[in-house]
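Biologist: I have a structure on the screen and a list of features to read. Where should we start?

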Amino acid sequence: MASPAARFEAMLSNIMLTDKERTEAIDTHIYMRDQLVRRRDWIKETFLTGSYKRETAIRPLNDVDFFCVVDPGWARDKTPAQIQKEVQRVLQEIYPRTTVDRQKHSLGVDFRSQTTNYDVIPAVPTGGYYKIVHRESDDGEFILSNPDAVEREKVAANSQGGPGGRMLQMIRLMKHWNTKNHKKVKSFHLELLCYKAAALLASCSNNREACCRLFEFLSSKVVENCFVPGIPKSGASAALQNNLRDTRTDSQLQNFAGELGAAAREANNALSLERTNPAKAHQIWLSLFGKDVY
């Protein structure tokens with residue numbers, strides 16, 4: 001039987017996207033980008049964003065986000081709903097037999113032939129940010145987004161978070177655990193909290209220890225404020241729900257902190273049993289992360 005250390009490292013690979021998923025995502029984006037830009041002169045460019053772009057997406061790949069950047073002059077006299085509906089109309093021309101739904105921030109392109117959906121986010125460049133649609137009603141409103149700032153945070157955290165891309169490995173692992181446990185908080189919320197643990201992860205001697213320390217760290221931090229990088233924290237131009245803590249109630253966050261703490265204790269127990277009772281250590285890691293990956 002492989003050692004717990006070897007099984008754990010294999011698990012980190014098992015939660016990564018497959019080559020097929022990556023190729024399919026890239027090919028679909030290239031085709032969609034070329035079609036969008038060719039069909040409307042007010043569509044200036046598209047670019048990948050979200051967890052796929054940041055290399056923190058996990059298997060199976062459920063959705064790929066990309067910004068569809070429109071000309072700010074064209075968008076000046078249009079409401080958020082009008083902009084979203086115009087981009088929806090173009091996507092429906094490109095994919096006449098595919099469902100294109102208006103969502104909270106994006107247009108969801110649902111390919112029945114693929115397991116992955118594509119979320120196209122109309123974006124208006126403005127003053128170093130992008131204005132994107134936020135729909136609580138049909139009309140919606142604009143909020144700010146700054147994917148470049150998030151990417152810079154990710155790069156800095158990964159460079160400081162230990163050897164071998166440990167930061168990205170641990171983010172994917174925490175996202176997998178969160179998904180297995182019914183996604184109690186947003187994946188993006190967990191990812192931003194992980195960025196703050198770079199020095200802690202770098203101090204660990206191996207990835208199993210890093211997993212234990214990160215569970216402990218998240219348990220203590222998930223109830224605190226967590227602001228999206230590069231966006232004003234207050235004022236008229238601030239993004240709605242810019243503080244990701246506000247996307248859950250205090251009670252929900254306290255309960256989730258308790259679950260993270262329990263996971264930390266289990267992970268520490270597995271680590272302590274690796275030499276004396278490796279079979280038991282296997283059982284604990286298996287229970288934490290599931291037989292589909294461990």
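Modeller: With the naming of elements. Helices and strands are DSSP runs, numbered from the N terminus. Tyrosine 130, for example, lies in strand E6, residues 129-134. Keep in mind that this is a predicted model.

Biologist: Is tyrosine 130 buried or exposed?

Modeller: Buried means under 20% relative accessible area. Tyrosine 130 comes out at 15%, so it counts as buried.

Biologist: What does tyrosine 130 touch?

Modeller: Leaving out residues up to four places away in sequence, its contacts include Phe47, Phe67, Val69, Ile143, Leu144 and Pro147. Take Phe67. It is 63 residues from tyrosine 130 along the chain, yet their C-alpha atoms are separated by 9.4 Å.

Biologist: Give me a buried residue in a helix.

Modeller: Threonine 28. Its place is in helix H2, residues 19-39. Its relative accessible area is 10%, so it is buried. Beyond residues up to four places away in sequence, threonine 28 touches Tyr95, Phe111, Gln114 and Tyr118.

Biologist: How do I read burial along a whole helix?

Modeller: Start with the general idea. An α-helix has 3.6 residues a turn, so residues three or four places apart point the same way. Now look at H5, residues 80-94. Its buried residues include Pro80, Ile83, Gln84, Val87, Val90, Leu91 and Ile94.

Biologist: How far does H5 reach from its first C-alpha to its last?

Modeller: H5 has 15 residues and reaches 22 Å. That is close to the 21 Å expected at 1.5 Å a residue.

Biologist: How many of the residues of H8 are buried?

Modeller: 8 of 9, so by the under-20% cut-off H8 is mostly covered. Among the buried ones are His189, Glu191, Leu192 and Tyr195.

Biologist: Which helices do the buried residues of H8 pack against?

Modeller: They pack against H3 (50-54), H6, H7, H9, H10 and H11.

Biologist: Now the nonpolar cores. Which residues of the largest core touch the most other members?

Modeller: Leu173, Phe215, Trp285 and Phe289, in a core of 52 residues. Helices that each supply at least two residues of this core include H1 (4-14), H7 (166-180), H10 (207-221) and H12 (278-289). H11 gives the most, with 8 residues.

Biologist: What does phenylalanine 289 touch?

Modeller: Phe8, Met11, Leu173, His176, Trp177, Lys180, Cys211 and Phe215, with residues up to four places away in sequence not counted. Apart from this core lies another, of 29 residues. Met32, Leu91, Leu107 and Val124 are among its members. You have met Leu91 as a buried residue of H5.

Biologist: How do I read a pocket?

Modeller: Think of a probe. Rolling a probe the size of a water molecule over the atoms shows where empty space is left. In this model, the second largest pocket holds about 180 Å³ of space.

Biologist: Which residues line the second largest pocket?

Modeller: Met16, Leu17, Arg22, Tyr52, Glu55, Ala57, Leu168 and Arg172. By class, that lining has 5 nonpolar, no polar and 3 charged residues.

Biologist: And backbone geometry? Which peptide bond is cis, with omega near -5 degrees?

Modeller: The bond from arginine 59 to proline 60. Proline 60 sits in the loop between H3 and strand E2, residues 63-70.

Biologist: Where do I look for a positive phi in a residue other than glycine?

Modeller: Go to lysine 183, with phi near 50 degrees. It is found in the loop between H7 and H8. Histidine 182 is in the loop between H7 and H8 too. Histidine 182 has a positive phi of about 70 degrees, although it is not a glycine.

Biologist: Is histidine 182 buried or exposed?

Modeller: Exposed means over 50%. Histidine 182 has 67% relative accessible area, so it is exposed. Lysine 183 is at 46%, so it is partly exposed.

Biologist: One more loop residue, please. What about aspartate 71?

Modeller: Aspartate 71 lies in the loop between E2 and helix H4, residues 72-75. Its relative accessible area is 27%, so it is partly exposed. Aspartate 71 touches Trp42 and Lys44, not counting residues up to four places away in sequence. Glutamate 45 is 26 residues from aspartate 71 in sequence and 9.4 Å from it in space, C-alpha to C-alpha.

Definitions and conventions: Residues numbered from 1 in each chain as written. Predicted model: local features only at pLDDT ≥ 70, side-chain atom pairs only at ≥ 80, totals over all residues. Heavy atoms only, no water. 1 Å grid on protein atoms, 1.4 Å probe; cavity = no way out; pocket = protein on both sides within 12 Å on 5 of 7 lines; lining within 4 Å. Points joined across faces, edges and corners; volume = space filled by probe spheres on them. Nonpolar A, V, L, I, M, F, W, Y, C, P; charged D, E, K, R; others polar. Helix = DSSP H or I, 4+ residues; strand = E, 2+ residues; numbered from the N terminus. Expected span 1.5 Å × (residues − 1). Buried < 20%, exposed > 50% of the residue type's maximum accessible area, 1.4 Å probe, protein only. Core = buried A, V, L, I, M, F, W, Y, C linked by side-chain atoms within 4.5 Å. Contact = heavy atoms within 4.5 Å.
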